[in-house]
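Biologist: I have the sequence and the model open. Please take me through them one question at a time.

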Amino acid sequence: MSDMHQPAALSMCPSCEWPLDSGDLYCGACGYNLSAAPVSPDDRPTLVINGLPRAAAEPPAEPDAWPAAPEAAGDTRGDIAASETQDADDVRVRESADARDGHAERDEAAEPDDYPLPAPDPRATAAAAPAADPAPAGDAKICVACRTGSVAPDGYCENCGHAQPRERDHMERELDAVAAVSDRGLRHHRNEDSFAISTAALPDGSPAVVAIVCDGVSSATRPDEASAAASRAADASLRAALPRGIHPQQAMHDAIVAAADAVNALAAEPAAAREHHPHQNAPACTLVGAVVTGGLLVVGWVGDSRVYWVPVDRTGPAVRLTEDDSWAAQMVAAGLMNEAEAYADERAHAITGWLGADAYELEPHTASFKPDRPGVVVVCTDGLWNYAEAAEEMAAAVPADAAERPLHSAQVLVGHALDGGGHDNVTVAVLPFPAASRGAGSA
């Protein structure tokens, strides 16, 4: 019999730093498989720029496949007439409160329950599981790793100790006129994105469709809570404002302010909590949203998540409708770098605008458009557009029948990001334009 591989003795878990005993095969805190060789994650989470150079910063590993640089914004406006766009000086560097005090960005908090082992690829089907595996009796959940053990109430397999994926790791919602999908990705330890989709009736009875997508700032405290609070608040604000006859662009501006207030509220902590974690910074996230009516398309954003326009007939050009609040976009706008140089820099994804109590100032960007043909609106985080950055690349990834099958299209786009490496959380909403009268609701 061949000798079995014996793992090297470890003093603490390489995933959550929990103390280990000699001979442990799995971490007792997070379920990490100690016999597996650790793999360094190669993701590019959303980061807040702090205005200060990092001391002794390690250059990030080159991504497996980096998308081509997008075309200049002036060349991608296509046939869509903008009734109002953001000011040219909207992108600017803002110091965070921590940076102004000389406090460097902290790394992500390593809580024991934050690092479950990777869940199976969400594209895999149940058919991939061995047919002979016995299922636990009753309504007990089956472990996604060994396919035999029951999952205990604490979220760990009673047979192999594997930590089970959280419900938020993969989320899908569908209404008649809009759909969205969010996935943890293949490298990230949790899903820090969130979204909200809904429909509302305008005063004249015509429909309005809403999609809000938020990306938690990974270097901030509780980014998953920030994105969830922001998406809920923005969606609720829009659903309340649109039926009252408030113009969709003003409603979007007010919704971003409401989302910022919701994220700011998360920063209030008891004094005891601050004493135990004195270096934690305020929860933060980015936000991008779209409102589609019978003849108007309104977008709003703070941060580097994006909205793309893709015409159904593909005879007109696809267009990116937002401009990033990011270091790379700032360098391009200032004429200091071209897009290829800026987006190849390790600082490219540092954001210069976000929602959070430590944001220097809140500058919601909104724009309204009147497309001259049917199309689909793609609202997404950088977990997707990293793999389809140019508008033409995004259009190539969007299925031809996206207007008729928005949920399927959102699933395909998430799969596109996972096929590209899935280095970050991936969230995308797909809205057909114009909005059709198909009922109302929210999710």
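The questions and answers below go from ring pairs to cores, helices and backbone.

Biologist: What kind of model is this?

Modeller: Residues are numbered from 1 along each chain as its sequence is written, and side-chain values use heavy atoms, without hydrogens and water. Local features need pLDDT of at least 70, side-chain atom pairs count only at pLDDT 80 or more, and totals for chains, interfaces and linings use all residues, since the model is predicted.

Biologist: How many aromatic pairs does the structure hold?

Modeller: Rings of Phe, Tyr and Trp (its six-membered ring) pair if their centres lie within 6.5 Å; planes under 30 degrees apart are stacked, over 60 edge-to-face, the rest tilted. By that rule, the number of aromatic pairs in the structure is two.

Biologist: What geometry do Trp309 and Phe433 form?

Modeller: Their centres are 5.7 Å apart. The angle between the planes is 80 degrees. That makes the pair edge-to-face.

Biologist: How many residues apart are Trp309 and Phe433?

Modeller: Trp309 is in strand 9 (residues 306-311) and Phe433 is in strand 15 (residues 426-433). Strands (E, at least two residues) and helices (H or I, at least four) are DSSP runs, numbered from the N terminus. The pair links distant parts of the chain, and the separation is 124 residues.

Biologist: Are Trp309 and Phe433 buried or exposed?

Modeller: Buried means under 20% relative accessible area, exposed over 50%, partly exposed in between (1.4 Å probe, protein chains only). Under that rule, Trp309 and Phe433 are both buried.

Biologist: Why is the pair of Tyr343 and Trp385 edge-to-face?

Modeller: Tyr343 belongs to helix 6 (residues 339-344) and Trp385 to helix 7 (residues 382-385), 42 residues apart. Both residues are buried. Their ring centres are 6.5 Å apart, and the pair is edge-to-face because the planes stand at 85 degrees.

Biologist: Which ring does Arg306 lie over?

Modeller: A charge sits over a ring if NZ of Lys or CZ of Arg is within 6 Å of the ring centre and within 35 degrees of the ring normal. Arg306 is in strand 9. At 3.4 Å from the ring centre, Arg306 lies over the face of Trp385.

Biologist: Why does Arg306 count as buried?

Modeller: Contact means heavy atoms within 4.5 Å. Beyond four places in sequence, the residues Arg306 touches include Val288, Arg320, Thr322, Val378, Cys380 and Glu389. Arg306 is buried because its relative accessible area is 0%.

Biologist: Which side chain makes a polar contact of 2.7 Å with Arg306?

Modeller: A polar contact is a pair of N or O atoms within 3.5 Å; within protein, one must be able to donate a hydrogen and the other to accept it, and residues adjacent in sequence count only if both atoms are side-chain atoms. The side chain of Arg306 makes one with the side chain of Tyr343 at 3.4 Å. The polar contact of 2.7 Å joins Arg306 to the side chain of Asp324.

Biologist: Which helix gives the largest share of the largest nonpolar core?

Modeller: A nonpolar core is a set of buried Ala, Val, Leu, Ile, Met, Phe, Trp, Tyr and Cys residues joined through side-chain atoms within 4.5 Å. The largest has 36 residues; Val378, Leu384, Met394, Val398, Leu413 and Val428 have the most contacts inside it. The largest share, six residues, comes from helix 9 (residues 406-420).

Biologist: How many residues are in the second core?

Modeller: This core is separate from the largest one. Among its members are Val288, Trp301, Phe369 and Ala435. Its size is 28 residues.

Biologist: How far apart are the end C-alpha atoms of helix 3?

Modeller: The expected span of a helix is 1.5 Å times one less than its number of residues. For the 18 residues of helix 3 (residues 248-265), that is 26 Å. The ends agree with this, at 25 Å.

Biologist: How many residues of helix 2 are buried?

Modeller: Helix 2 (residues 223-241) has 19 residues and should span 27 Å; its end C-alpha atoms agree, at 27 Å. The helix is mostly covered, and its count of buried residues is 14.

Biologist: Which residue does a cis peptide bond join to Phe433?

Modeller: Omega of this bond is about 0 degrees. The partner is found in the segment after strand 15. The residue is Pro434.

Biologist: What is phi of Arg314?

Modeller: Arg314 lies in the loop between strand 9 and strand 10 (319-320). At 34% relative accessibility, Arg314 counts as partly exposed. Its phi is positive, in a residue other than glycine, and is near 60 degrees.
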